[in-house]
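Subject: The structure I promised, with notes

Hi,

Here is the structure we talked about. Please have a look at it first, and then read on for my notes.

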Amino acid sequence: MNVYELAPAPDLYQHFVLVREEQWSDLTSRFDGMPIGSAWTPFEVALLRDDTEDHRNRWPSDFPTLGTIPVFSQRAVEALQTMLTDNGELLPLYCKDCEGGNYFAYNVTRVVGALDEARSQLKYFKDGGIMRVVRYEFRPDQLMDAVIFKIPQQRRSRVFVTDTFVQRAHAAHLVGFDFRPVWSALTP
């Protein structure tokens with residue numbers, strides 16, 4: 001078994017920004033592993049654009065992201081439906097200039113206490129809280145049926161996936177993903 005950080009592919013694909021930037025802190029504070037679907041009102045997003053040639057020529061993506069918030073295209077939702085709904089909530093976004101149909105913010109609600117803090121390499125804040133994880137070590141028995149998850153130490157940031165998710169995304173020819181390996185059960 002392998003664990004990957006779910007991240008967008010760098011530089012080739014489109015990403016989203018909020019149309020009303022003042023909504024940013026309200027939006028990001030909600031994605032902490034707790035359900036929010038019952039109170040969800042779609043936020044308006046737009047394609048990230050600037051005057052550089054680089055942003056004008058980016059391709060549509062099945063995983064465009066909105067800052068650190070995962071976003072999936074309708075095509076990705078259709079290919080990954082059960083995995084997504086079993087581990088979180090699909091929350092509609094409103095985008096009037098988006099190519100490729102509908103997009104959904106994804107709130108991961110599966111939080112797994114699988115990080116082995118004693119064996120991981122961690123950087124700490126002065127108050128003892130975890131600043132960042134330099135090297136992940138997971139407890140394999142806690143990941144037996146995990147597909148998409150967060151860990152309690154990083155509820156507001158990192159989303160992790162396992163081989164099952166990666167294989168399904170590749171089989172469906174989804175684009176815009178960068179699966180960054182962070183841990184392998186085969187690593188001594």
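How do β1 and strand β10 pair, and over how many bridges? They pair in the antiparallel sense, over three bridges. Strands here are DSSP E runs of at least two residues and helices are H or I runs of at least four, numbered from the N terminus, and two strands pair if DSSP finds at least two bridges between them.

Before the rest, a word on the source. This is a predicted model, in which local features need pLDDT of at least 70 and side-chain atom pairs count only at pLDDT 80 or more, while totals for chains, interfaces and linings use all residues. Residues are numbered from 1 along each chain as its sequence is written, and side-chain values use heavy atoms, with hydrogens and water left out.

The sheet around β1

Strands β1 and β10 belong to an open sheet of four strands in the order β9-β10-β1-β11, with antiparallel pairing. At its edges are β9 (148–149) and β11, each of which pairs on one side only. Within the β1–β10 pair, Tyr-4 stands opposite Val-161 in β10. On the other pairing, seven bridges join β1 to β11, again antiparallel, and Ala-7 stands opposite Asp-178 in β11.

Five of the seven residues of β1 are buried, so the strand is largely enclosed by the rest of the structure. (Buried means under 20% relative accessible area, exposed over 50%, and partly exposed in between, with a 1.4 Å probe and protein chains only.) Glu-5 is found in this strand and is buried, with a relative accessible area of 16%. Leaving aside neighbours within four places in sequence, Glu-5 is in contact (heavy atoms within 4.5 Å) with residues including Arg-158, Asp-178, Phe-179 and Arg-180.

The nonpolar cores

By nonpolar core I mean a set of buried Ala, Val, Leu, Ile, Met, Phe, Trp, Tyr and Cys residues joined through side-chain atoms within 4.5 Å. In the largest one, which has 22 residues, Leu-6, Phe-72, Ile-148, Phe-165 and Phe-179 touch the most other members. Two or more residues each come from β1 (2–8), α3 (74–87), β6 (103–108), α4 (163–171) and β11 (177–184), and α3 gives the largest share, five residues. Apart from this core lies another, of 18 residues, among them Phe-43, Ile-69, Leu-93 and Ala-105.

Phe-179 is worth a click: not counting neighbours within four places in sequence, its contacts include Tyr-4, Leu-6, Val-161 and Phe-165.

Strand β6

All six residues of β6 are buried, so this strand is largely enclosed by the rest of the structure. Tyr-103, Ala-105 and Asn-107 are on one side, with Phe-104, Tyr-106 and Val-108 on the other, and both faces are covered. In a regular strand the side chains alternate between the two faces of the sheet. Strand β4 (residues 71–73) pairs with β6 in the antiparallel sense over three bridges, and the bridge partner of Phe-72 is Phe-104. Strand β5 (residues 88–92) and β6 are also antiparallel, over five bridges, with Leu-91 opposite Ala-105.

The largest pocket

About 160 Å³ of space lies in the largest pocket. Its lining has 13 residues, of which Glu-5, Leu-6, Ala-7, Thr-68 and Ser-157 lie nearest the centre. For the terms: on a 1 Å grid over the protein atoms alone, a pocket is an open set of points where a 1.4 Å probe fits, with protein on both sides within 12 Å along at least five of seven lines, and lining residues have an atom within 4 Å of a point. Grid points are joined across faces, edges and corners, and the volume is the space filled by probe spheres set on them.

Two backbone oddities

Thr-65 has a positive phi near 55° although it is not glycine. Thr-65 sits in the loop between α2 (53–56) and β4 and is buried, at 6% relative accessible area. His-173, also not a glycine, has a positive phi of about 60°. His-173 lies in the loop between α4 and β11 and is exposed, at 61%.

Happy to go through any of this with you.

Best wishes
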